[in-house]
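Colleague: Please pick one helix in this model and take me through it slowly, then show me what else is worth a look along the chain.

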Amino acid sequence: MTIYGYVSGFYGDKIIKDPDLERHVMVLLGSGIPHENCFADRFNYNNQERYELHKFLANVAKEGDILFVPELTDLYSNVRELCCLMHEVENTGIIIKSSDMELSNDSAASNWIIASQLAHLDYLHYLRQKHASKAIKKSKYQSTLNTGGRHKRVITPIYRQAYEYLQSHTYAATQLKFHLSKSTLYRIKRQINNRKQPTNTHQSYDA
């Protein structure tokens with residue numbers, strides 16, 4: 001288990017000022033975490049991506065590691081980013097620690113808890129959709145199989161014409177006219193005759 005630190009905010013931007021960033025940096029530096037384990041993303045008016053955070057989650061973080069942030073809002077700017085982050089946190093297995101967690105009535109902590117629940121529900125919904133999709137595909141595949149495991153042969157219009165022609169002609173004449181093998185004609189005749197037979201038959205026996 002390794003402890004890491006992260007902070008983000010606007011720094012040196014001419015348009016957007018962030019007076020809290022310096023305070024967050026001081027809290028992070030005063031936490032005792034080694035400098036080499038600290039990550040930071042500096043925003044500007046045109047770019048507010050958290051490159052270092054995503055690099056940390058993708059290449060550095062391991063299950064059981066702790067990521068300390070001065071405030072939870074260092075990790076996200078809106079609910080969409082928070083929900084996406086929760087997926088990465090769940091997949092990575094890291095632990096997030098912040099002083100915000102200790103404040104039960106704090107809005108940032110409340111948003112974090114709600115977003116984590118939404119992310120979990122969204123993941124469960126994804127699993128249900130994936131399971132349903134697999135079930136539909138399996139059902140469609142099984143519907144194309146016979147009880148013996150072979151693919152069903154479709155009775156095409158040509159096959160049906162050959163079957164009708166076979167009723168009043170020989171197999172040889174039917175082969176010559178429709179260019180079908182005798183085994184195919186046998187199979188067509190057997191398949192159509194099986195379909196014509198009633199599915200529910202009851203036998204009566206004398207006492």
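Modeller: Let's start with how the pieces get their names: helices (H or I, at least four residues) and strands (E, at least two) are DSSP runs, numbered from the N terminus. Keep in mind that this is a predicted model, where local features need pLDDT of at least 70 and side-chain atom pairs count only at pLDDT 80 or more, while totals for chains, interfaces and linings use all residues. Residues are numbered from 1 along each chain as its sequence is written, and side-chain values use heavy atoms, leaving out hydrogens and water.

My pick is helix H3, residues 79-92. A helix's expected span is 1.5 Å times one less than its number of residues. H3 has 14 residues, so it should span 20 Å, and its end C-alpha atoms are indeed 20 Å apart. Now for its sides: Leu 82, Cys 83, Leu 85, Met 86, Val 89 and Thr 92 are buried, meaning under 20% relative accessible area (over 50% is exposed, in between is partly exposed; 1.4 Å probe, protein chains only). Here's a handy rule: an α-helix has 3.6 residues a turn, so residues three or four places apart point the same way. Right after H3 comes Gly 93, with a positive phi near 85°.

Let's zoom out. The chain has 7 helices and 4 strands, running β-α-β-α-β-α-β-α-α-α-α from the N terminus. Of its 207 residues, 29% are buried.

Two of the other helices, H6 (residues 171-178) and H7 (residues 182-196), pack at about 105°, with axes 10 Å apart. The axes are lines fitted to C-alpha atoms, for helices over the stretch in contact, and angles run from 0 to 180 degrees between N-to-C directions. H6 and H7 are therefore roughly perpendicular, the label for 65 to 115 degrees (under 35 is roughly parallel, over 145 roughly antiparallel, the rest oblique). Tyr 171, Thr 174 and Gln 175 of H6 meet Lys 182, Leu 185, Tyr 186 and Lys 189 of H7, where contact means heavy atoms within 4.5 Å.

One last stop is Asn 47, in the loop between strand E2 (38-43) and helix H2 (51-60). Asn 47 is partly exposed, at 27% relative accessible area. The side chain of Asn 47 reaches the backbone nitrogen of Glu 49 at 3.0 Å. The C-alpha atoms of Asn 47 and Phe 10 are 9.9 Å apart, although 37 residues separate them along the chain.

Technical notes:
A polar contact is a pair of N or O atoms within 3.5 Å; within protein, one must be able to donate a hydrogen and the other to accept it, and residues adjacent in sequence count only if both atoms are side-chain atoms.
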